[in-house]
Amino acid sequence: MTQTRSAGPSTTRDGATAPRTVVALALALVAVGVAVRAWVGYGGWFSLDDYVFYVRAMSRAPFDPDLLLTPYNGHLMPGAMLWVWAASHLAPLGHGLVVTTMLVGVALCGLAVVGLLVDLFGAREAVLVPVGVFTLSTLTLPGSTWWAAALNQLPQVLFTTLALWAQLRAVRSGRARWSLASVLAVAAGLAFSEKTALAMPLVAGFSLLFLLRGTPWQRVRLALRRTPVTWAGYLVLGLAYVAIYAATVVSPVKEGVAAGEVATGLGQALRATVVPGLLGGPWTWRPLGVVDSLAAPSAVMQVVSAAVLLGVVLLSARVGARWRAAWAFAAVAVVVDVVLVIVTRVPVVGADPVLLEYRYFTDLALVLALAVGCAFLPVRGVDPPATDPRPEVSVGSWHLTDDVLRTVALTGLAVLLVGSLVSASGFRERWAANPGRAYVTTALADARTVPATARVYDAPVPDAVVWRLLWPATLPSRLLLPAGGRFTPLAVGEATDDLRDFAADGRLRRSEVSGVPLAVDGAGTCPGPATPTRVRATAGQFFWAWVVQLDYRATSDGTLTLSTPRGASVRVPVRADGSRVWALVEDDVTWLDVTADAGSGACLTGGVVGLPQPVGW
């Protein structure tokens with residue numbers, strides 16, 4: 001008597017992996033992607049524009065138009081600014097919370113992509129390949145670990161995915177609510193990144209190439225008839241957004257970009273950035289700035305990447321039904337993305353630091369995952385079902401049976417995983433070497449212990465912590481006071497006998513002014529209460545907010561009054577047991593008129609006009 005073995009919970013009767021197991025494996029790939037980004041993200045710290053957004057958010061109300069609607073480097077992103085405001089007020093300079101919010105975004109993007117791909121192709125083993133392309137690709141790594149980039153990139157990818165998924169449902173059901181959901185998804189994404197506007201032509205291409213059958217004209221007519229709300233909604237949304245963006249933002253498109261530059265830049269981006277990133281590269285990085293890195297795959301790995309991609313395309317030509325449409329879909333998206341970067345960023349920054357930065361190409365991971373899926377897999381409800389017998393295909397003596405294709409797919413996923421881990425490790429090495437964490441930790445600790453009577457010179461923090469061109473985010477008062485620092489900055493027109501400033505390591509130290517000496521008699525210049533005594537600087541000065549450091553002796557407590565050439569006046573306390581005071585004046589300070597209270601017996605013994613020694617230039 002013959003016994004039959006029933007299929008286990010992880011397989012169906014024909015030996016295929018059960019749908020629930022496929023979904024569980026897809027979610028595991030999402031978890032791996034999130035874990036890798038957590039490993040990189042929590043090891044780093046804030047960088048560059050993060051500080052600008054934080055400082056802006058901490059000084060404004062959540063719905064202040066100046067916060068929400070002020071463009072930044074060509075970006076109009078009220079939704080992103082609300083994200084910044086909420087995270088910053090919940091935990092000022094709380095990097096852990098910020099990374100957690102980014103990881104939530106990464107997880108949501110991954111879940112949305114899994115939902116879209118499973119709905120599009122079914123819960124089949126092969127769907128794990130495009131899921132892996134999205135979740136493991138290095139293309140999304142910098143854009144999901146650097147906050148300033150994630151604010152734009154993650155919502156753009158999430159809402160673009162939701163728009164595609166809603167359109168898939170709209171085409172299948174013909175229900176207007178799904179079309180409306182697609183329009184609303186794009187609108188939500190536009191609140192974070194103007195680049196979400198690319199979702200509209202992306203949805204159109206996705207619908208015409210993969211969701212409908214017939215001649216091109218028949219597909220257009222069917223799309224218009226079946227989902228009219230999608231296209232009408234996109235038209236209204238697109239026109240409205242263009243009007244708002246044009247009225248608010250100076251065009252980021254730069255003039256003078258030649259066709260040859262576009263062709264060269266496209267080749268560079270494909271060869272060194274996009275193709276290696278799709279396959280888990282670049283494996284090696286080139287340092288940029290303090291912690292950033294540029295893609296730097298070796299020449300050998302560039303050739304290997306191109307060869308692997310060519311092999312994938314040729315394989316899809318043998319076993320796929322819509323491989324031409326899939327790769328054309330991907331090629332157009334890549335060209336549009338790269339050309340946009342070339343005409344908006346390259347003329348300002350240069351080709352290398354832009355075309356080799358993955359954060360500009362985060363959204364391509366979604367497009368390329370879709371292209372890989374559509375190149376190999378039948379679309380449910382459109383193409384012949386996956387259960388239909390497939391004719392045997394051979395490449396030479398190699399028979400492309402299902403088992404062979406499964407082995408190829410699993411090998412590809414394994415290579416992609418290993419490559420992405422190698423790339424993430426190299427990226428993290430520099431990303432974690434951020435001096436900002438140590439500086440802020442030390443400065444906050446010292447700022448909480450400074451005496452209430454002391455004043456702190458509000459000089460820019462080291463350039464390695466916050467780039468000097470990002471003023472006023474460079475000022476300790478803007479960074480540390482909202483995060484719990486307790487100190488009083490020295491204000492213009494104010495004087496103190498206890499002045500401190502932050503050293504390069506974040507420690508608060510006693511200030512020592514470096515600059516132009518004042519011509520003070522070695523025996524002492526003793527001003528009286530009636531007639532001012534003029535003390536001249538030994539060299540000319542330009543107009544600035546200068547610190548005047550005065551050394552003195554006094555027989556009793558009293559006050560000196562300093563007057564500057566432009567009429568500013570500062571009252572400076574002197575004490576019988578003191579010897580030095582500081583005043584912050586805004587002037588050219590070529591001379592000072594000094595008067596003293598009667599009876600103080602104060603005499604100047606030295607003086608300098610300048611600045612406390614800079615912490616880093």
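**Salt bridges and a four-stranded sheet**

R566 is exposed in this predicted model, at a relative accessible area of 56%. Its salt-bridge partner is D587, with the closest N and O atoms 3.4 Å apart. The two residues belong to distant parts of the chain, 21 residues apart. D587 lies in strand β14, which spans residues 580–587. R566 sits in the loop between β12 and β13. D587 counts as buried, because its relative accessibility is 0% and the limit for buried is under 20%. R566 counts as exposed because its 56% is over the 50% limit. The pair therefore joins a buried residue, D587, to an exposed one, R566.

Salt bridges also occur as a network. D119, R169, R172 and R380 are joined into one network by salt bridges that share partners. In total, the structure holds 20 salt bridges. Side chains of opposite charge can pair when their charged atoms come close.

Another of these contacts joins the side chains of E494 and R455, at 3.0 Å from N to O. This pair, too, links distant parts of the chain, with the two positions 39 residues apart in numbering. E494 is in the loop between α20 (476–480) and β6 (495–496). R455 is in strand β5, residues 455–456. E494 is partly exposed, with a relative accessible area of 23%. R455 is buried, at 18%. The values fall on either side of the 20% cut-off, so E494 at 23% is classed as partly exposed and R455 at 18% as buried.

D463 and R468 form a further salt bridge through their side chains, at 3.3 Å from N to O. D463 is partly exposed, with 25% relative accessibility. R468 is partly exposed as well, with 40%.

The strands β12 and β13, which flank the loop of R566, belong to an open sheet. This sheet has four strands in the order β10-β15-β12-β13, and their pairing is antiparallel. Its edge strands are β10 (533–536) and β13 (569–574), each of which pairs on one side only. Neighbouring strands are turned against each other by 30 degrees on average, direction ignored. Strands of a sheet pair through backbone hydrogen bonds, either parallel or antiparallel. Strand β12 covers residues 558–563 and runs antiparallel to β13, with six bridges joining the two. One of the bridge partners is known by residue: G558 is matched with V574 in β13.

Key. Residues are numbered from 1 along each chain as its sequence is written. This is a predicted model: local features need pLDDT of at least 70, side-chain atom pairs count only at pLDDT 80 or more; totals for chains, interfaces and linings use all residues. Side-chain values use heavy atoms; hydrogens and water are left out. Two strands pair if DSSP finds at least two bridges between them. Axes are lines fitted to C-alpha atoms, for helices over the stretch in contact, and angles run from 0 to 180 degrees between N-to-C directions. Buried means under 20% relative accessible area, exposed over 50%, partly exposed in between (1.4 Å probe, protein chains only).
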